[in-house]
Amino acid sequence: MKYVAVVCPRCGRASAARADAKKHQCPYCGTLINIEKAAVIAVGSAKAVREAVVRHNTQAT
Ligand SMILES: [Zn+2]
């Protein structure tokens with residue numbers, strides 16, 4: 001199973017979604033993100049994507 005880390009266009013926070021999903025709901029603000037159009041900051045294993053999400057959300061203050 002591959003995952004992607006996508007950045008929410010509304011609140012700017014990253015979250016992990018399945019790579020084969022088309023849409024993903026932001027767990028922070030509830031926005032439905034179109035994965036094909038959103039900014040993807042990482043692709044890979046669940047671990048790699050989770051680390052990218054944490055890194056992104058730590059930097060975004
Ligand atoms: Zn959001």
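Is Cys11 buried, partly exposed or exposed? Cys11 counts as partly exposed, because its relative accessibility is 33%. That value falls between the 20% limit for buried and the 50% limit for exposed. The model is predicted. Cys11 is one of the residues that coordinate a zinc ion. An open sheet of 3 strands is also part of the picture.

**Zinc site**

- Four cysteines supply the donors: Cys8, Cys11, Cys26 and Cys29 coordinate the zinc ion. Each does so through its SG atom, at 2.3 Å.
- The arrangement is tetrahedral, because the 4 donor atoms subtend angles of 105 to 115° around the zinc ion. The tetrahedral class asks for all angles between 85 and 135 degrees.
- Along the sequence, the donor residues follow the spacing C-x2-C-x14-C-x2-C.
- Cys11 and Cys26 link distant parts of the chain, 15 residues apart. Cys11 sits in the loop between strand 1 (3-7) and strand 2 (14-18). Cys26 sits in the loop between strand 3 (23-25) and strand 4 (32-34).
- Cys26 counts as buried, because its relative accessibility is 2%. Cys11, at 33%, counts as partly exposed.

**Sheet and hairpin**

- The open sheet has the strand order 2-1-5, and its pairing is antiparallel.
- Strand 2 and strand 5 (39-44) are the edge strands, and each pairs on one side only.
- From one strand to the next, the twist averages 25°.
- Strand 1 is mostly covered, with 4 of its 5 residues buried.
- Strand 1 pairs with strand 2 in the antiparallel sense over 5 bridges. Within this pairing, Val4 stands opposite Ala17 of strand 2.
- Strand 1 and strand 2 form a hairpin with 6 residues between them. In the turn, Gly12 has a positive phi of about 80°.
- Strand 1 also runs antiparallel to strand 5, joined to it by 5 bridges. Tyr3 has Gly44 of strand 5 as its bridge partner. Val7 has Ala39 of strand 5 as its bridge partner.

**His24**

- His24 lies in strand 3.
- His24 counts as buried, because its relative accessibility is 14%. The limit for buried is under 20%.
- Which residues does His24 contact, leaving aside its neighbours within four places in sequence? They are Val6, Ser15, Ala16, Ala17, Thr31, Leu32, Ile33 and Ile35.
- One of these residues, Ala16, offers its backbone oxygen: the side chain of His24 reaches that atom at 3.5 Å.
- Lys37 is 13 residues from His24 in sequence. In space the two are 11 Å apart, C-alpha to C-alpha.

**Thr31**

- Thr31 is located in the loop between strand 3 and strand 4. Cys26 is in the loop between these strands too.
- Thr31 is buried, because its relative accessible area is 15%.
- Leaving aside neighbours within four places in sequence, Thr31 is in contact with Cys8, Arg10, His24, Gln25 and Cys26.
- Among those contacts, Cys8 and Cys26 are zinc-coordinating residues.

Technical notes: Residues numbered from 1 in each chain as written. Predicted model: local features only at pLDDT ≥ 70, side-chain atom pairs only at ≥ 80, totals over all residues. Heavy atoms only, no water. Donors = N, O, S within 2.8 Å, 3.2 Å for Na, K, Ca; no water. Tetrahedral: all angles 85-135°; square planar, octahedral: opposite > 155°, others 65-115°. Helix = DSSP H or I, 4+ residues; strand = E, 2+ residues; numbered from the N terminus. Buried < 20%, exposed > 50% of the residue type's maximum accessible area, 1.4 Å probe, protein only. Pairing = 2+ DSSP bridges. Axes fitted to C-alpha atoms, helices over the stretch in contact; angles between N-to-C directions. Contact = heavy atoms within 4.5 Å. Polar contact = N/O pair within 3.5 Å; in protein donor to acceptor, adjacent residues only side chain to side chain.
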